[in-house]
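Colleague: I've got this model open and I'd like to know where its labels come from. Can you take me through them?

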Amino acid sequence: MALNDLFTQELKVINMGLESFHDELKSQHVQTVQVAWKPRAGGSQKMLSLLNKLKKVSSSKEKAG
Amino acid sequence: MTDIIAEANQKALEIIQNAQPTLVGLGIAGDTLPGMRKDLILHAGPPVTWEKMSGPLRGAVMGGLIYEGLAQTPEEAAELAASGKICFDPCHHHDAVGPMAGVVTASMPVWIIENKAYFNRAYCTMNEGLGKVLRMGAFGESVIQHLRWMEQTLYPVLKEALEIHGEIDLRNLIAQALQMGDEVHNRNKATTSLFIREMAPSIIKTGASQEDKVAVLEFLNSNDHTALNLSMPAAKATLDPVGKVKHASVVYTMARNGTEFGIRVAATGDRWFTAPAEIIDGLYFPGFTMEDANPDIGDSCITETMGIGGFAMATAPAIVQFVGGTPQDAINYTKSMYEITLAEHPIYKMPSMNFRGTPTGIDIRSVIETQIRPVINTGIAHKDPGIGQVGAGVVRPPMACFEQALEAYVELLEADGLLE
């Protein structure tokens, strides 16, 4: 489908990120869904570093050994 | 080959799923609760001093001192509470839980719940009903009189009736109520009705006077929250053994004292992770607004910790008329709780979710990763002592509790040499 054809038919939008895009489309009666999404750990470097450390946990077998 | 955390969490999950909370009796707090004594007042949430207590908790403490005969007036009670002669401790440190202010004093009757699978016990006072009540921080003459009626009439009748009836399986009661439109925290209509159906014939068989039997049945029937004080200790009895599972990242306590919110995690045992309690977004009774509200208070979110209450909102669409929102919001709340829990409960099932089990086993890693905080539906107390409930709504724990917990959890695993 050519890109221009996309805008000549009814749009159904899934929006991720800035909610104002979703709100604006909704106010123009465009069918739109806002994805409830947040960056991992809210983007906190400290929390990401802690979560990453936990990915390197020992296996139960290693512990037994 | 599974990792240490997965293995520990599986153990924690099995403890929650296999628990058999059972109502086995009633007793007086001073004779029944471990470490309970006359100069000790138990309260909801993590530890807090008199100086830092919020209005409703102070009100309930003052009422408790008057009820115990340790003070004659509210002024005398406040003076005694501040004097250092009275000790304060969380209910949770004495195997107990209490709704809202959660004040327990030595003379108060308590329900005794035993987890038949792990042989531990949990305790909770009897629910006082609605209106001006101690748990909401009210301490007037009518509040004290009602507490005395509960001790002198309600307690002996129910104690005898339960002895006649025999133990009651609370897991079964909660499972049935979840299929009848209760989420078993703020909506307890079905749970209470089922409880009365069980108990009524035995109440009639007691040796109490006709007048007292009628008064007891009328009181139980007038108070939809009668069963809240059974579901809370049932959840406590279910979760306490989780607190002994080494290296598990599962939350086994969430509680608020009106000043701070606190959580405890299996791996870190008795340690509380606290942050300031939040104001509740909810529906206020006529004449009251958010300005009147005290920050979040009570041990009742032990129900959410077990995976019912706010976690089971989908099964209780009627609750949204009390706490705000739409039936679709209720379903969304439950769906989002699957994102932060380990599994589904095999017995607690919800018809509106195509009989999926309630979201079970809050994992601190998932809360941090997704930034989805547990959802709690709760009552709202007035910020000043002596007034009582002003509304109900939905609230979440501060993220800071989970951030501190995660940090301590990683430190512990590192100290135990379990991280590469």
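Modeller: Here is a run through the labels, with the reasoning behind each. Keep in mind that this is a predicted model.

Colleague: Let's start with B:S142. What makes B:S142 count as exposed?

Modeller: The cut-off for exposed is 12 or fewer other C-beta atoms within 10 Å. B:S142 has 12 of them within 10 Å, so B:S142 is exposed. As for where B:S142 sits, that is helix α5 of chain B, residues 141–165.

Colleague: And how far is B:S142 from B:G287, in sequence and in space?

Modeller: In sequence, B:S142 and B:G287 are 145 residues apart. In space, the C-alpha to C-alpha distance between B:S142 and B:G287 is 22 Å.

Colleague: Staying with that helix, why is α5(B) called roughly perpendicular to α7(B)?

Modeller: Look at the crossing angle: the axes of α5(B) and α7(B), the latter covering residues 189–205, cross at roughly 110°. Roughly perpendicular covers 65 to 115 degrees, so α5(B) gets that description relative to α7(B). The two axes come within 8 Å of each other.

Colleague: Which residues meet where α5(B) and α7(B) touch?

Modeller: From α5(B) there are B:V157, B:A161, B:I164 and B:H165. Facing them in α7(B) are B:E198, B:M199, B:S202, B:I203 and B:K205. Sorted by class, that contact has five nonpolar, two polar and two charged residues.

Colleague: Next, β14 of chain B. Why is β14(B) described as largely enclosed by the rest of the structure?

Modeller: A residue is buried once 20 or more other C-beta atoms lie within 10 Å of its own. In β14(B), residues 376–381, six of the six residues are buried, so the strand is largely enclosed by the rest of the structure.

Colleague: How do you know that β14(B) and β15(B) pair?

Modeller: The requirement is at least two bridges. β14(B) and β15(B), residues 389–395, have six bridges, in the antiparallel sense. One example is B:N377, whose bridge partner in β15(B) is B:V394.

Colleague: What makes β14(B) an edge strand, then?

Modeller: β14(B) belongs to an open sheet of three strands in the order β10-β15-β14, with antiparallel pairing. β14(B) pairs on one side only, and so does β10(B), residues 281–284; that makes these two the edge strands. On average, neighbouring strands in this sheet are turned by 25° against each other, direction ignored.

Colleague: There's another sheet in chain B. What is the order of its four strands?

Modeller: The order is β5-β4-β1-β6, an open sheet with antiparallel pairing. At its edges are β5(B), residues 120–125, and β6(B), residues 168–169, each pairing on one side only.

Colleague: β6(B) is short on paper. How do you know that β1(B) and β6(B) pair?

Modeller: At least two bridges are needed, and β1(B), residues 21–28, has two with β6(B), in the antiparallel sense. B:L23 has B:I168 of β6(B) as its bridge partner.

Colleague: Which helix lies across β1, β4 and β5 of chain B?

Modeller: That is α9(B), residues 228–239, running at about 155° to β5(B).

Colleague: On to the domains of chain B. Where are they, and how many residues of each are in contact?

Modeller: Domain 1 covers 18–233 and domain 2 covers 249–415. Their centres, taken over C-alpha atoms, are separated by 21 Å. In the contact, 45 residues of domain 1 meet 48 residues of domain 2. On the domain 1 side, α3, α6 and α9 of chain B each supply at least two residues, and α3(B) gives the most, with six. By class, the domain 1 side divides into 22 nonpolar, 16 polar and seven charged residues.

Colleague: Finally, chain A. How many helices and strands does chain A have?

Modeller: Chain A has four helices and two strands, following the pattern α-β-α-β-α-α along the sequence. Buried residues account for 5% of its 65 residues.

Colleague: And how many residues does each chain give to the contact between chain A and chain B?

Modeller: Chain A gives 16 and chain B gives 18. On the chain A side, α3(A) and α4(A) each supply at least two residues, with the largest share, five residues, coming from α3(A). That side divides into six nonpolar, four polar and six charged residues.

Definitions and conventions: Residues numbered from 1 in each chain as written. Chains lettered and ligands numbered in written order. Predicted model: local features only at pLDDT ≥ 70, side-chain atom pairs only at ≥ 80, totals over all residues. Contact = placed C-beta atoms within 7 Å. Nonpolar A, V, L, I, M, F, W, Y, C, P; charged D, E, K, R; others polar. Axes fitted to C-alpha atoms, helices over the stretch in contact; angles between N-to-C directions. Domains from an automatic or database assignment. Parallel < 35°, antiparallel > 145°, perpendicular 65-115°, else oblique.
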